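Subject: Handing over a structure, with notes

Dear colleague,

I am passing the structure below on to you, and my notes on it follow directly after. Please read them with the structure open beside the text.

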Amino acid sequence: MSDELFINKYLKGTGASSGITAGKVYLLDRGAISITKSTIRETQVEREIHRFKNAIQAAIDELGGIQEKVLDDDVKKHAFIIDAHMMILQDDFFSHSVVDAIKEEKINAEWALDMVTSKFLVSFEKVEDPYLRERGQDIKHIYDRLMRILVKGTKSDIEKRNVKGKSIIIAHDLSPADTIQLNLNKISGFVTDVGGRTSHTSIVARALEIPAVVGVSNITSLVKNNDTIIVDGDEGIVIINPTQEVQKDYIAKQLHLRSQRKELLKVAHLKSETKDGFKLKAGANIELLAEMDIVEKYGAQGIGLYRTEYIYLSRKDLPTEMDHYHIYRKLAENKTLEYITIRTLDIGGDKFVSAIDIPKEINPAMGLRAIRLCLRELPLFKAQLMGILRASAYGPLRIMIPMISGLDEVRKTKAIIAECMDELRHKKISYNKDIKIGIMIEVPAACMISDKLAQEVDFFSIGTNDLIQYTLAIDRVNEYVSYLYEPLHPAVIRLIKKAVDDAHAHKIDIALCGEMAGEPLYIPVLLGLGLDEISMNPYSIPRAKKVIRGLEQDYCRELVEEIMKKDSPGEAKTLLRSEMVRMFPKDFAKSNED
Ligand code: PEP
Ligand code: MG
């Protein structure tokens, strides 16, 4: 904690959950645990192993206790995250590694735990995928819990904090158990030292619509309880003890944002249709069942992309057919959505699932990823497909295959799906035999042969995040080349146009589910190109609908023709922006940035 009084101190982190809030700091600081490291005699080995095993049991009991005490339904929905921690604690690989270190190195349990965890964390830090890298935090939370039990021999939890009035929680990191123990009704914001957009704090904050900024390096050492703090979850900015003037500005911004949201929510459930009657479906991209409430609230017509990676990452073993089935059935049983697109596993290369043995690769983005891995690991692929098919008896599920680069992959996948259907038929288990099968168009090769691919499948969905990366040869997570990442690059627009035209020539629908779909600026382009559906983060849907409802598709077609004549993405963007400023002066006038 800081002794210094900071006035108007700006800090930058990652905006993890949208919205602005101002309030008093509630610092969750447990104080550091000091670890004694000591070597032991052979006769003490058993005692240390026993201490470690007792700590594991105590940690499992604590987590079980926390889960049971959760009464609030909203919070309960997120208690499943604790299961993942219990599973790691029960994982033989983890506990054997610590026990082996005690035996082999002749060191006390604390030191052994510290050594093993550091090794695990180093491996996680090397992972390029930010989502997976974040899972290292799970190991860190478990480490903290075990260490507190070992060192203090007492409970390792924050007590049910008596947060007075609305407060903003500042913590080094919040484990799922911490979050669940807090009285979330009294919390108006979260700020943490560590974490990214896919950390648990971020996921829970987004699902509960609480503004959050994560990864603000040393925020816990800079604030004191009762400091005033502003949290801007959209910009990823935190201001400690803002001046009256800054507070006034932010209050105005907050009120503006609130009234804008209120206004936008009125649009959320209106039709997603242009003035001249063209219907562009607006879907949601999600990765957790817990996000379904937001999907409905913000007016999605369907799920355009359900990323299934989290199902694999939140457990130590592989999910079974029945595990998949239960999740997808819950999605399918929803009564408000017209379609629910389950994307099969998009993992591999640099992305690590402990139960799958993936070779180390030099260039993982172009390696054994997604469908390539699934076609090699057939039991894993079939378990997921069987789960989707079983659940398809209960609602409008569709299957979507990522990273397709050739016809063979599609044909092989369809043959496997047919085998799965046969198996279900023999077992007399119902499924939707007409389930729609689609592919993601995210490798330039797929665009170049989209006429052929369109004859094989029921729908396309363009993944611009990857399509731009592979077309322009820009690593999507490399900050040095991010300036080249341009959705309006003529090469990208031509590829999208080709895929749309080929899809329509073969009478199949085509969606776009990359980040580009959630940017209002690009909507006239997507309308003009003739896409049938766009899918985005649920919060962006009302704004997208507002723009769609304010445009005419005929005009958008002409605009795309003009844009395609431009030599560079910069020129294209200038034209597009000036048109949007003209048509939506309130929404586009002020900003120069997109
Ligand atoms: C994409 O590539 O655009 C996409 C939607 O998939 P992901 O971001 O999961 O790779
Ligand atoms: Mg992709």
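The shell around ligand 1 draws at least two residues each from strand β10 (302-307) and helix α20 (464-472), where helices (H or I, at least four residues) and strands (E, at least two) are DSSP runs numbered from the N terminus. The largest share, three residues, is supplied by α20. Please keep in mind that this is a predicted model, in which local features need pLDDT of at least 70 and side-chain atom pairs count only at pLDDT 80 or more, while totals for chains, interfaces and linings use all residues. Residues are numbered from 1 along each chain as its sequence is written, chains are lettered from A and ligands numbered from 1 in the order in which they are written, and side-chain values use heavy atoms, with hydrogens and water left out.

There are 14 residues around ligand 1, of which R307, R343, G463, N465 and R476 come nearest; a residue is near a molecule or strand if one of its heavy atoms lies within 4 Å of it. By type, the shell consists of seven charged, four polar and three nonpolar residues, with Ala, Val, Leu, Ile, Met, Phe, Trp, Tyr, Cys and Pro taken as nonpolar, Asp, Glu, Lys and Arg as charged, and the others, Gly among them, as polar.

Oxygen atoms of ligand 1 take part in polar contacts (pairs of N or O atoms within 3.5 Å). A polar side-chain atom of R343 is 2.9 Å from one such oxygen atom, while polar backbone atoms of T464 and G463 lie 3.1 Å and 3.4 Å from an oxygen atom of the ligand. On its own, ligand 1 has 290 Å² of accessible area, and the protein covers 95% of that, as computed by the Shrake-Rupley method with a 1.4 Å probe.

Turning to the strands, eight of them close into a parallel barrel in the order β9-β10-β11-β12-β13-β14-β15-β16, where two strands pair if DSSP finds at least two bridges between them. Neighbouring strands in the barrel are turned by 25° against each other on average, direction ignored, with axes fitted to C-alpha atoms and angles running from 0 to 180 degrees between N-to-C directions. Within the barrel, β14 and β15 are joined in parallel by four bridges, and S461 faces A511 in β15. Two bridges link β15 (509-512) to β16 (533-536), also in parallel, with A511 opposite E533 and L512 opposite I534. Helix α21 (490-505) lies across β13, β14 and β15, running at about 155° to β15, contact here meaning heavy atoms within 4.5 Å.

A further eight strands form an open sheet of mixed pairing, in the order β1-β8-β7-β3-β4-β5-β6-β2. Its edge strands, β1 (9-12) and β2 (14-17), each pair on one side only. Four bridges connect β1 to β8 (237-240) in the antiparallel sense, and L11 stands opposite V238.

With best wishes

Technical notes
A polar contact is a pair of N or O atoms within 3.5 Å; within protein, one must be able to donate a hydrogen and the other to accept it, and residues adjacent in sequence count only if both atoms are side-chain atoms.
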